[in-house]
Amino acid sequence: MIEEGRDPAGLESGQLFDAAFLAAAQRLRLVARRVAPRGRFADQRSKDRGSGLEFQDYRPYVAGDDLRAIDWTVYRRLGRVFLRLFEEHEDLPLYLLPDVSRSAWVEGERRAVPGLQASLALAAVALGQHDSVGVFPFADDLTVLQRPTSGKNRVMELAHRLESVTPGGETDLGTALRRFRGLGLREGLVVIVSDFFDPGGIEAVTEALSGLRHRLLLVQLVRSSDRDPSWARGDLRLVDCESGDSQDVSVTPQVLDRYRAAYDRFAGGLADLARRRGAGLLALDVESDVIPQVADLFENGRREV
Amino acid sequence: MSFTALSGSALLGGLVATAAVLYALQRLRVRHESCTVVTSLFWREATEETRARSLFERFRHPLAYAMALLCAGLMLLGAGRLDDDRDEGLRHVLLLDASAGMTRAAGESTRFAQAQAALAAELEQSPRDRTEVLWCGEHVRTILAPGEDRALLGPRLAGRTPDLAPGTLDRALRSRASMGDGEGAGRRFVLFGDAPVAPATLAALGADERVERAILAPVIDGGMGITALGVSEPASGRWGVVDLFIEDRGGSRGSFDLTLTLDGERFDRGGVSGTDGDRRSFRISDVPAAGALLEVRLNAAGGAAGAGLRADDVASIRLPSRPPIRVAVDGLAPAFGAAVRAVLAADPAVELVEEAGEADVVVGGASAGRPSLRFPSSADQEEAILIGHDRAVDSSAALTSAVGELGLDRVDATALAESLGRPLAVGALPSDVRSVAIWSELMDPSRTSFLESRAFPVLVGRSIRWLAQVPDLTPYRAIGRLEPTSLDGARSSLAAMVTADLDAASLLDPASTAPVTAGVSLAEPSPEGAGPWRLYTWVLLLALAALSAEWALFQRGRMP
């Protein structure tokens, strides 16, 4: 429940990040299972074999191959010439789409804060791996806060930019993603940080994500009261903070049960969507510390997407 | 079953109105508390859409409505004081026995206190506008009229004690029954006390009237008291004395004794002259009739006071004063005068004196303004016997009374008339001084034999007493007995206990003295209708249980 008459406000400087947060974020490592070719040289392995350090395979020597790649040990053992193939390391563009719609700003503990913190943590990880990072906050439309850029020293700059984010309007993921596709960015990893409370429901979210050709990581901002509104009691007129629509409810256990069922259908639909898309899904509890939850996403310190 | 605070129609109307109001309230749109949420997406799915500005919404909760109606209905029934032993419109007459018998000790309080407590409890459960309370003491009067606040009864009874008078419950009941109901809805009389009610009184009640007697703690002592005290003409025939009659009754007489005092001096009594059941009577002969105060006291064998009722342990009576009647005889013929003197000398009540100025009654000669018995000639007086009576009395009444009082009925007037050859007449005249004038011809032995008849001394003696205005003795006045001089026996049976001439203020009626053996059995208020657990009490408890159940259901979310 949101206090009446409370206007969403932006962030103050230093409210989002501190040094400890950034240090914790950079211990994580984001690993792409597949990186699109023609990118910059970075830490991400690609299917292209090149001059990287990670051994990948052998193949018979053919004329014209680089003699430096011949594995002479194998030749001494087998009498045949093979080349050692190494992975070609390229960058993984990371596109962060934090939800800055009104719903992320109106509660006492605003969802926008942990959402932006998670975004910066992921950005720090990517920048630490020489990957490029772009930030595109969205509400009813998409804005370009940071075009894809790389460099470890960009973290603080990106943090300042994220702190300048202001509350938006109604959530419209479809419009935002259409605008994103129109930017013509190279295929990369799209991270959508949102509560996904689109007025059109899970169907609108599914439809919005259907045309997205990027790898996908969904960070769902949740809090315990989303599923279990214990504050709800009696006869209430519920006003949607984004649309202003009102809904009269006489709260009974039966109504609460139906509410939880509706929420579970929504959460289940989002999980199904992630599974179908091969995307990652992180339910980020906005009432808990962000870094431990993001770290859980990176099994053994790394996460393949 | 009825309602003591609301009429049946009012209650039924109230139930219908309550049901209608609750129905409207159920349909009225709930005023919702407004609050902002992050999304209403899931609430929309969880609830049905309702129109925000409609006055009514559909009737959603019939079971909740039934529960609310049950609670409201039970509370209304409780407020209406649903009762099961009250008929609608029935008038309640509560009679508080305030007779002397109610002073009887009962434990640490008295019967009167017990009756007051029972009355207050009954009054609390009776409809205010149809209940009246009567005080049945020496006089019967209303102490709480219909419609008066119950709280007024306490101050009105504060400090009041029962009157030293016999029970008047029967009289009050008869009086109220004779007045009629007036509304035809029936009456219920509830008696609070021990005074008896005659079967005839109960029989006279209407079909829609009933009498109940409130339950009081049983009387422990059997009752022992003086119930009769009186004087009578002495059997010895002596003048200046009376015979005394005393009666007591009770079940434990063996441990009680009577002591008598005359003006404070102990006076020995004789033995018991007779017993009849629990009654014991004493006759004491030739008690000097000198105006002394005789007090009879009932004492326990150990010297302590009598039974629980103290009022009937003492009785007193002022004995009559009977001095000799001084009579002077003068101016009569020698033979006739001798005959008169002989008659007067034989009368123990008469003292002959020589001087008319010293006499109470003068016979014959000049009366000197004193009552006189004269014998004029028929030439001087038209009537054979002429009575001069008090001016306050009507002549015809005085004449009728004198026929008996003077013994004229003993005179053979027919024979005398034949002897004289002329009719005899009796007349009466108002006079300042009493007088009796009889023809002297009647006293002439040569013409009549009246002087030799037995009527002559009777006529002289009674005339002397009448002229001296010697008061009659009431032979006795005993409670529960008929007065011998009363023409209305029924009236005197219970009501004539306290009489001024006897000064017997302590005598009680037999029912007060021995309440265990007195009275007529009456219906008692039904046990289920008494006490705090009346039907409406259960209704209120049911309402409380229903409210608790509703609250529990609401807390568990089983009710909106």
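Two strands pair if DSSP finds at least two bridges between them. With that in hand, welcome to the interface of chain A and chain B in this predicted model. Here strand 9 of chain A and strand 2 of chain B, residues 33-37, run parallel and are joined by five bridges. Within strand 2 of chain B, the residue opposite Leu236(A) is Glu33(B).

**Extent of the interface**
- On the chain A side, 35 residues make contact, and they meet 24 residues of chain B.
- Together the two chains bury about 2,900 Å², and carbon and sulfur atoms account for 60% of that area.

**Polar and charged links**
- Nine residue pairs are in polar contact across the interface, with both partners at pLDDT 80 or more.
- The salt bridge count between chain A and chain B is one.
- That salt bridge joins Arg265(A) to Glu45(B), and 2.7 Å separates the closest N and O atoms.

**What chain A brings to the side that touches chain B**
- Strand 9 (234-240), strand 10 (246-251) and helix 8 (253-277) of chain A each contribute at least two residues to this side.
- Helix 8 of chain A contributes the most, at 10 residues.
- Sorted by class, this side of chain A holds 19 nonpolar residues, 11 charged residues and five polar residues.

**Pulling it together**
- For a quick look in your viewer, two handy landmarks are the parallel pairing of strand 9 of chain A with strand 2 of chain B, and the salt bridge between Arg265(A) and Glu45(B).

Definitions and conventions: Residues numbered from 1 in each chain as written. Chains lettered and ligands numbered in written order. Predicted model: local features only at pLDDT ≥ 70, side-chain atom pairs only at ≥ 80, totals over all residues. Heavy atoms only, no water. Contact = heavy atoms within 4.5 Å. Buried area = accessible area lost by both parts, 1.4 Å probe. Salt bridge = Lys/Arg side-chain N within 4 Å of Asp/Glu carboxyl O. Polar contact = N/O pair within 3.5 Å; in protein donor to acceptor, adjacent residues only side chain to side chain. Helix = DSSP H or I, 4+ residues; strand = E, 2+ residues; numbered from the N terminus. Nonpolar A, V, L, I, M, F, W, Y, C, P; charged D, E, K, R; others polar.
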